[in-house]
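Thanks for coming, everyone. Let me put the structure up, and then we can walk through it together.

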Amino acid sequence: MQPTATVLVYSDDSNTREQVRLAAGRRPAPDVPLVEFVECATPAAVVKQLDEGGIDVCVLDGEAVPMGGMGLCRQIKDEVFQCPPVLLLIGRPQDAWLATWSRAEAAVTLPVDPVEFASALASLLRQRKLQSA
């Protein structure tokens, strides 16, 4: 049985969640594990999933409503013990400074570019693997 990584995807928009799944595919890079997705449409669902554990990376939509991924990222970084790394989806490249404020480890712009997204996700999965080793 092959190892897997669990990626939480938060967005109120099902199309954005689908873009993330399609961009990552089953394995975003040859040297990282297969990916399983946990989808959340509300901030409360994200917090519940993180409390249950087992999440390797979070992908948060900065444009989500009613709570954007940037604010949610900052909240979980403050409240979740050993919070997994966060890849933030931002509306404009100029919003990268807000991603830094939110303490996200990486950010990519919407709409999701498959190559850029897969590269950023794979990088976070590699870092997570090194931290757990």
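I'll go from the overall fold to the cores, then to one annotated site, one helix and the cysteines.

First, a caution: this is a predicted model. Please keep that in mind throughout.

So, the fold. What pattern do we get, reading along the sequence? Strand and helix alternate, β-α-β-α-β-α-β-α-β-α. That gives 5 helices and 5 strands. The radius of gyration is 13 Å, and the globule rule gives 14 Å for 133 residues, so the protein is as compact as a globular protein of that length. Along the principal axes, the C-alpha trace spans about 40 × 30 × 25 Å. Of the 133 residues, 45% are buried.

Now contacts in sequence terms. Take the pairs that touch and sit at least 6 apart in sequence; 67% of those contacts join residues at least 24 apart. Here is one pair to click on, chosen by C-alpha distance. Ser119 and Pro28 are 91 residues apart in sequence, yet their C-alpha atoms are 7.0 Å apart. Ser119 belongs to helix 5. Its relative accessible area is 47%, so Ser119 is partly exposed.

What does the record say? UniProt, in an unreviewed entry, lists "domain: Response regulatory" at residues 6–125. Over that stretch the chain is 42% helix and 22% strand. The C-alpha atoms at its two ends are 10 Å apart.

Next, the cores. In general, nonpolar side chains in soluble globular proteins tend to be buried together. Here, the largest nonpolar core has 23 residues. Which of them touch the most other members? They are Val59, Leu87, Leu89, Phe117 and Leu121. Several elements give two or more residues to this core: strand 1, helix 1, strand 3, strand 4, strand 5 (106–109) and helix 5 (114–132). Helix 5 gives the most, with 6 residues.

Stay on Leu89 for a moment. Beyond its neighbours up to four places away in sequence, Leu89 touches Val20, Val59, Val108, Val112 and Phe117, among others. Its list also includes Thr16 and Asp61, and I'll come back to both.

Apart from this core lies another one, of 20 residues. Its members include Cys40, Cys73, Val80 and Ala99.

Now the annotated site. UniProt, again in an unreviewed entry, places "modified residue: 4-aspartylphosphate" at Asp61. In the model, Asp61 is found in strand 3. Buried or exposed? Asp61 has 3% relative accessibility, so it counts as buried. What surrounds Asp61, leaving aside residues within four places in sequence? The contacts are Tyr10, Ser11, Asp12, Thr16, Gly68, Gly69, Leu89 and Leu110.

Thr16 is worth a look from its own side. Thr16 sits in helix 1, residues 14–24. With a relative accessible area of 8%, Thr16 is buried as well. Outside four places in sequence, it touches Ser11, Asp61, Leu89 and Leu110. Ser11, Leu89 and Leu110 are on the Asp61 list too.

On to helix 3, residues 69–79. Gly69, Met70, Leu72, Cys73, Ile76 and Lys77 are buried there. Why do they line one face? Seen down the helix axis, the buried residues fall within an arc of 160°, so they share one face of helix 3. The general background is that an α-helix has 3.6 residues a turn, so residues three or four places apart point the same way. The face turned away from the buried side carries Asp78 and Glu79, both exposed. And what covers the buried residues of helix 3? The cover includes strand 1 (4–10), helix 2 (43–52), strand 3 (57–61), strand 4 (86–90) and helix 4 (96–101).

Last topic, the cysteines. How many disulfides are there? The count is 0. For Cys40, the closest cysteine sulfur is that of Cys58, at 8.5 Å, which is too far for a bond. Cys83 is in no disulfide either; its nearest cysteine sulfur, again that of Cys58, is 5.6 Å away. Both Cys40 and Cys83 are buried: Cys40 has 3% relative accessibility, and Cys83 has 16%.

That's the tour. Over to you for questions.

Terms used
Residues are numbered from 1 along each chain as its sequence is written. This is a predicted model: local features need pLDDT of at least 70, side-chain atom pairs count only at pLDDT 80 or more; totals for chains, interfaces and linings use all residues. Side-chain values use heavy atoms; hydrogens and water are left out. Buried means under 20% relative accessible area, exposed over 50%, partly exposed in between (1.4 Å probe, protein chains only). Helices (H or I, at least four residues) and strands (E, at least two) are DSSP runs, numbered from the N terminus. The arc is that of the directions from the helix axis to the C-beta atoms. Contact means heavy atoms within 4.5 Å. A disulfide is a pair of cysteine sulfur atoms within 2.5 Å. UniProt positions are given in the numbering used here, feature names are shortened, and annotations may be inferred rather than shown by experiment. A nonpolar core is a set of buried Ala, Val, Leu, Ile, Met, Phe, Trp, Tyr and Cys residues joined through side-chain atoms within 4.5 Å. The radius of gyration is taken over C-alpha atoms; the globule rule is 2.2 Å times the number of residues to the power 0.38.
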